[in-house]
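Me: I am in my first year and would like a close look at one part of this model. Please take chain A, and then say how the rest relates to it.

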Amino acid sequence: MVLTSKRLQKLYRRTGRYWACLLLPLLVTACDGESGSNPAATTGGGTPQEGGSLVWARYGDADSLDPQRTTTTLSWQVFDQIYDTLLAFDDNGEVVPNLAKEWTVSEDGLTATFVLNEGITCHDGTPFDANDVKYTAERAISEDNPSVTKGAWGPIASVEAVDSQTVQFNFSEPFGAFVSFMADPFSSQICDSAEELGDDFGVSAAVGTGPWKLVSWTKGDEIVLEKNADYQNFGRPIENDGAPYLDQLIVKQIPEPQTRLAGLQTGEIQVIAEPPLEELEAIEADEGLNNYIAEKTGQNVFFEFTTSRPPFDDIRARQAVAYAIDPEAAIDIVFGDVVKREKCTVARGVMGNDQGFCAEHGYSHDPERAQELLAELGYGPENPLTVTMMTWVGGNRERMVQVFQNQLKQVGIETEIETMDIGTLNARVKQENENDSGQGTFDMMGWAWYDPDILHQLWHSPGAYSGYQSAELDALLDDTRTTVDSDARLAAVQEAQQYLLENAVHVPLYTPGWLWIYTTRSEVDGFKIGPFDRPLFNDVKLVS
Amino acid sequence: MTQNLAQAESTDILEPRSRRTHRFFKDLLRTQSAKLGAAICLVLVLMAVFAPLIAPYDPINMGAGQALTPPNLAHWFGTDELGRDLFSRIVYGSRLTLQVGAIAVGISMTAGVLIGLVAGYAGGWIEAILMRMVDVLFSFTETLIALAAVAVLGPSLTNAMIAVGISSIPFYARITYGAVLVEKNKEYFKAAQAVGARHQRLIFRHILPNILSPIIVVATLGVSIAVLSASALSFLGLGAQPPSPEWGATLAAGRDYFKRAPWITTFPGLAIAITVLGFNLLGDGLREALDPQQRR
Amino acid sequence: MTQYIFKRILGGLFTIWVTTVAVTLLIHLVPGDPVQIMFAQSQSTTPEQLEQIRQQLGLDRPIYEQYFLYMGRILQGDFGTTIRGNQPVLELLLVRLPNTLLLAASSLLVTMVVGVSAGFFAAYKRDTWIDTGLMTGAILGISIPSFWLGLMLMYVFSIRLGWLPVSGTDLKNLILPALTLGLANAAAVSRLTRSSMIDVFSQDFMRTARAKGLAETVVLSRHAFRNGMINVVNMLGLQFTYMMGGAIVVENVFAWNGIGRLAIQSIFQRDYPTIQGFILIFATVVVTVSILLDILYAWIDPRIKYS
């Protein structure tokens, strides 16, 4: 097994350079000569030019290009290029006009009216009008096949096309989060000609008004988009008011971070999401490559518990976990400085995210206190608290939970880790909450939302996962929805947050959590990440 | 992956038992390669049994050293991305590897031998149905059966062992069946049958001992197949869960640090390869020792 | 011969029939409520919707009825849609199947060329250091996990040296996966070939040919090689099956866009319609190709008479 360096050198000479690389990659850094630096990359000396094609590689494929059939970031980051929304978020996360040039919400909060910009056309050449908006909304809230994000549309009673450019939403109750939802990709406006596409819609065809048109989708491999020459930008936070400069945008699937980076270095690919974390410094130092780290992603990663049965039906058990962990240390080990400690239940850039306020009501690392609480509950070195900790795969979360597992062990909480696909985790958490026997579990969950309405969706009974429920919390969360005035709404949100934090129902950990680091070749000029982690290619030109 | 099992199938033992037994060990250890195989297997077993004494660090707890330390005197195989000692993880991983071998082979051998025995002994429509089913399973390939089993059971190391065990049942069934047919036509069996021995006695006292040799050979080679298959499942994320020091899973986790820390992928891979080699060599040796006609 | 072909096809149809039954049962073997596992994944699913889905899938009916329902849909080419994203399962599988077949076929080529020539050579130079060397290589070869071999090849040729592209499904991208899968199996094939060639070399007609004073190359090419080729064709069917199985793992190492990668992803996502479709398509392909190759063998080998 043990090879001395002299013997190694002999082997190396005998077998030739590449054989040695093959046999002993770990010992041979000398093979690196060719690919360490990147001679092919331009260093920004040329002039940006219009036209051309750009390849954007991510770890997985979209599930669907129908904005109402999927919630994954991998999906909406692509369909956000194909469709547009009535409103948009500017760089500060404030809502601004987009497809709609103006909007009004009635004082009682029961109607919202939008006036559309004129001259917008769908990808199939038909004009975009109030009927398309009505079609989209009614499709989303339909009984037989509703959108998977139906809840976010709120209590819509009816949608009326007042005239060709005016559309009015009527609600059965006031709904404070509606306006900002109209700026989110999940409210993407679908042209009503989609109906004619039948089952092909979202599968092999798409029709929207966004900057890019769908050309083809080879499942598991690539999605080819071409520029929408008729595109007019009214609200996206970009400089280009017209069609994208590039001719083509190709979205590729490459699962391994190392392979994505290798493809970037050889020039096969121009933009990647999630480069290997341990290569970030090397990328920084490389003049041929640039890193972009998304801020205000709306993403939050947190712990939540099965509160319907022991041990976590007792607040002290939840508190013990919250005191035992040291998220700062875990972040430092796993992510370094590309991830931040999050103390709030709503994400940065979202109303109510106030680290100081949240720190006051949440928990910080205090292993002694955790041990005291465990002792009160009757746990000790002889009979440690043993529970299952779940999370979903990817984004280095397997590593985060392993660090947490170590930290928890130090106060005497033994955990068994289970990792799974996000969909499976969603189902599993719900199942755990609905079961009435067996040991309870806890999980590291992640959500991205642009509005504090996330708290309502997660924690208002029955809630997304049938998790923690109390009448008091329901009342607080109802206030966050029905209050339309923004100062009053902020106060309501803070009250709800305080409750969730103090009761250790929602234990915030870190942000962002997935698809938030992008690396581009330096010839990519004008790449931008909008608020809530929306990559924008409208301004991109390639430097020749 | 499954081909040496197919090779082992051709083994049939025609020699009387008495002569075989005393020659067995002499023959087994005559070839250098079988000695090497036996030695590797012995080292593996010792490593598993004495893991806490051999491993310098805890395989799960972090803080054994700086993360991603290259191999050095303190950490022979380096450390992983969470600062765990890779050598210790591999030493402890051997326990899981042996467990995989034992459980998977146990499942496939028990079920397969039973099916083969019943089919061969009973004959008639029972034989026809059972062996037809075995043929069908055979044509599915092991990988497909294992994947279907994991799809049903859900990903975990235990389920991966069960899945791998199920997937190899057809091999054992076929070999046992073939061997039973041979024994059934021998004089001693016909004589026993003629004096009216009961089924149980015929199966367990007469047939089973006489067909043990080919089964032992296949089981030894089967350990290597099971280790390969189960580590592949873990590598694909369908087996062991973190922080398990299972070799396939460790290797898969190291993939993210491929360029900077290739030792995390290299050593678990070597460990799997050496283990599999050990059981393959031992299995080849056993076959030659048990079946002189095969010796070439 | 006709009878043999007929028998083989009948056997194949039986296997496929068993697969359809197994696939229908699969969803019922899953511990827990499969509908909940599959469909509770999106946040807004209500118990009423779950009940509706159960009805749509026919899971509330007796199992034999479910079988006929499922078969009826399959025969119309309707394999259902994926749980995540409502994509048609058959299309997802068919778009990837050619990639898997291409990988399996090219690996088979590698296996046969490398494995058979090594085995042939080892048998010819029996008990020399060439034989020992080749067979040592073979036993090492069957012991190396294919996923590890693949990673090492990728590390050297794609990441370190940058000779080969890292993504896509064109021929350049096929090289490493085909080598990985081909070499892993070549080791086993060389062992099989060696032992069967030793039989050939020791047979009477070889001795006779040599005794007649025929040149060694003629002996080898006319007699030994022809016998060797028959041996190769005989192995094709089984080897193809191994390649298809091995492809599932290797596709995942190289991100080759085949049905194996889709299968692993579906298992992970508990996407049972896709898993069911995968098993059906995989079994059908393996069975069909094996039958075709067996028929080819029967046709080539004059010695074998089928009754």
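Reply: What follows starts with chain A as a whole, goes on to single residues and contacts in it, and ends with chain C.

The model is predicted, so the first thing to check in chain A is confidence. The mean pLDDT of chain A is 89, and 92% of its residues reach 70 or more. The exception to look at is the stretch of residues 1-43 of chain A, where the pLDDT is below 50. Beyond near neighbours in sequence, this stretch has 45 contacts in the model. Where pLDDT is low, the predicted coordinates should not be read in detail.

Next comes the overall build. Chain A holds 18 helices and 24 strands. Its C-alpha atoms fill a box of roughly 85 × 65 × 40 Å along the principal axes. The radius of gyration of chain A is 25 Å, which agrees with the value near 24 Å for a compact globule, because that value is the one for 544 residues. Of these 544 residues, 55% count as buried. The contacts also say something about the fold: among those in chain A with a separation of 6 or more, 70% are between residues 24 or more positions apart.

One residue in the interior of this picture is A:Leu54. The largest nonpolar core has 324 residues, and A:Leu54 and B:Val150 are those with the most contacts inside it. The largest share of this core, 16 residues, comes from helix 11 (residues 199-235) of chain B. In soluble globular proteins, nonpolar side chains tend to be buried together. Leaving aside neighbours within four places in sequence, A:Leu54 is in contact with residues from several parts of the numbering, among them A:Leu246, A:Leu249, A:Gln270, A:Val271, A:Val524 and A:Phe537. A:Val540 and A:Leu542 are also in contact with A:Leu54.

For contrast, take A:Ala285, in helix 9 (residues 280-285) of chain A. Is A:Ala285 buried or exposed? A:Ala285 has 9 other C-beta atoms within 10 Å. A residue with 12 or fewer counts as exposed, and therefore A:Ala285 is exposed. A:Ala285 lies 45 Å from A:Asn503, C-alpha to C-alpha, and the two are 218 residues apart in sequence.

Chain A also touches chain B. In this pairing, 19 residues of chain A are in contact with 17 residues of chain B. On the chain A side, helix 8 (257-266), helix 14 (397-411) and strand 17 (413-420) are the elements that give two or more residues. Helix 14 of chain A gives the most, with six residues. By class, this side of chain A has eight nonpolar, five polar and six charged residues.

Chain C can be set beside chain A. Chain C has 12 helices and zero strands. Along the principal axes, its C-alpha trace spans about 85 × 55 × 30 Å. Of the 307 residues of chain C, 48% count as buried. Among contacts in chain C between residues at least 6 apart in sequence, 74% join residues at least 24 apart.

Helix 1 (residues 2-29) of chain C has 28 residues and reaches 40 Å from its first C-alpha to its last, close to the 40 Å expected at 1.5 Å a residue. In this helix, C:Gly12, C:Thr15, C:Thr19, C:Val23 and C:Ile27 are buried. An α-helix has 3.6 residues a turn, so residues three or four places apart point the same way.

Terms used:
Residues numbered from 1 in each chain as written. Chains lettered and ligands numbered in written order. Predicted model: local features only at pLDDT ≥ 70, side-chain atom pairs only at ≥ 80, totals over all residues. Contact = placed C-beta atoms within 7 Å. Helix = DSSP H or I, 4+ residues; strand = E, 2+ residues; numbered from the N terminus. Nonpolar A, V, L, I, M, F, W, Y, C, P; charged D, E, K, R; others polar. pLDDT = per-residue confidence, 0-100. Rg over C-alpha atoms; globule rule 2.2 N^0.38 Å. Buried ≥ 20, exposed ≤ 12 C-beta atoms within 10 Å, placed from the backbone. Expected span 1.5 Å × (residues − 1). Core = buried A, V, L, I, M, F, W, Y, C linked by C-beta atoms within 7 Å.
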